[in-house]
Amino acid sequence: MGDPSNGSALSFFSDKSAKIFVAGHRGLVGSAIVRKLRHLGFTNLVLRTHLELDLTRQNDVESFFATEKPRFVILAAAKVGGIHANNTYPADFISINLQIQTNVIDSSYRHGVSKLLFLGSSCIYPKFAPQPIPEDALLTGPLEPTNEWYAVAKIAGIKMCQAYRIQYNWDAISGMPTNLYGPNDNFHPENSHVLPALMRRFHEAKVKGAKEVVVWGTGSPLREFLHVDDLADAVVFMMESYSGLGHMNVGSGKEVSIKELAELVKDVVGFEGKLVWDTSKPDGTPRKLMDSSKLAALGWTPKISLRDGLVDTYKWYLQHVEQ
């Protein structure tokens, strides 16, 4: 591939009939990437459900790559879950993610993939990382204990991409998104993240005609959110324009308090009752913002405002969840 520090020798956009394997195409991230690629005119996407290809099985993955020989790979497949799931199934979170990554990255290299993008998560960073969190904060302190098993696996994925680049001069890159939301999100009443959880709660309260909705904490913590379609846009941008050794943060660069978020979701959903804060419940980390200035310096910035993204997500929720 030439010198990996000087960009990929093969333009991602040069051949829209090139075979692209999107691993995890049914999830929040993978489905957004597939939508984006199809919108841009890519015609040869290779997609497999878990039943069709179990990425934890090395022989199956090896056989798939030997047969299909994709030119590009975007690795969005992972076992994910909230705090409860991470605490309950730590062995699953570390072993399944390590297996998926190792099998896909190694087989991609061995079967001639031109470029691979590995996607991780902002939880790779230390619990008390500086704010906003720069890429070089990685491995500078202890992780958040509730998701360290998942985080360790994702860190290993970043390092694996770097190792293959160093040893084989192979074009493997990594992107670390901030908190994502959008179509195909998880709206489960217990296992979902804060934004889809709030949307579901306000919607159900509106349908029942409830007078109030109780939200945990004080509402003061600050969080960053990125619409998954913006992430998909960043993925395509990185496939075309980035080929460095270091992983790249992908965020909106904008913070919103949980209180502001709740008021915004309430407004978008159209719930007219009262918002009550249960301050006896924990707030969690006061602030979690990623420094995405490196990606911005290359020329990528998000386009979807939080309000527009919430309107889009609520439309999808009404069509797919409330059936």
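Tutor: Two strands count as paired if DSSP finds at least two bridges between them. Keep that in mind for this model, which is predicted.

Student: Which residue in β12 does Leu 222 stand opposite?
Tutor: Start with the strands. β8 and β12 (residues 287-288) run parallel and are joined by 2 bridges. That reaches the cut-off of at least two, so they pair. Opposite Leu 222, in β12, stands Arg 287.

Student: How do β8 and β10 run, parallel or antiparallel?
Tutor: Look at β10, residues 255-257. Its Val 256 stands opposite Arg 223. The two strands are joined by 3 bridges, and they run antiparallel.

Student: What is the bridge partner of Asn 179 in β8?
Tutor: Go to β6, which covers residues 179-181. It runs parallel to β8, with 3 bridges between them. In β8, the partner of Asn 179 is Phe 225.

Student: How many of the 6 residues of β8 are buried?
Tutor: Buried means under 20% relative accessible area. β8 spans residues 222-227 and is largely enclosed by the rest of the structure. That is because the number of its residues that are buried is 5.

Student: Which strands are the edges of the sheet with the order β2-β1-β3-β4-β5-β9?
Tutor: This sheet is open, has 6 strands and shows parallel pairing. At one end, β1 and β2 are joined by 2 bridges, and Phe 21 stands opposite Val 46 in β2. An edge strand pairs on one side only, and that holds for β2 and β9.

Student: Which element gives the most to the largest nonpolar core?
Tutor: That core has 38 residues, and those with the most contacts inside it include Phe 21, Leu 55 and Leu 116. Several elements supply at least two residues each, among them β1, α2 (58-68) and α4 (90-110). With 7 residues, the top contributor is α5.

Student: How many residues are in the other core?
Tutor: This core lies apart from the largest one. Its members include Leu 37, Leu 119, Ile 173 and Ala 232. The total is 33 residues.

Student: Are the rings of Phe 13 and Phe 42 stacked, edge-to-face or tilted?
Tutor: A pair of aromatic rings is described by the distance of the centres and the angle of the planes. Here the centres are 5.9 Å apart and the planes meet at 40 degrees. Stacked needs under 30 degrees and edge-to-face over 60. The angle fits neither, so this pair is tilted.

Student: How many residues apart are Phe 13 and Phe 42?
Tutor: Phe 13 sits in the segment before β1 (20-23). Phe 42 sits in the loop between α1 (28-39) and β2 (45-46). The pair links distant parts of the chain, and the separation is 29 residues.

Student: Is Phe 42 buried or exposed?
Tutor: Take its ring partner for contrast: Phe 13 has 33% relative accessibility and counts as partly exposed. Phe 42 has 4%. The cut-off is under 20%, so Phe 42 is buried.

Student: Which residue lies over the face of Phe 42?
Tutor: Ring pairs link Phe 42 with Phe 12, Phe 13 and Phe 72 into a cluster. Over the face of Phe 42, at 5.7 Å from the ring centre, lies Lys 16.

Student: What distance separates Lys 79 from the ring centre of Phe 93?
Tutor: Here too a lysine is placed over a ring face. Lys 79 lies over the face of Phe 93. The distance to the ring centre is 5.2 Å.

Key: Residues numbered from 1 in each chain as written. Predicted model: local features only at pLDDT ≥ 70, side-chain atom pairs only at ≥ 80, totals over all residues. Heavy atoms only, no water. Phe/Tyr/Trp six-rings, centres within 6.5 Å; stacked < 30°, edge-to-face > 60°. Helix = DSSP H or I, 4+ residues; strand = E, 2+ residues; numbered from the N terminus. Buried < 20%, exposed > 50% of the residue type's maximum accessible area, 1.4 Å probe, protein only. Lys NZ or Arg CZ within 6 Å of the ring centre and 35° of its normal. Core = buried A, V, L, I, M, F, W, Y, C linked by side-chain atoms within 4.5 Å.
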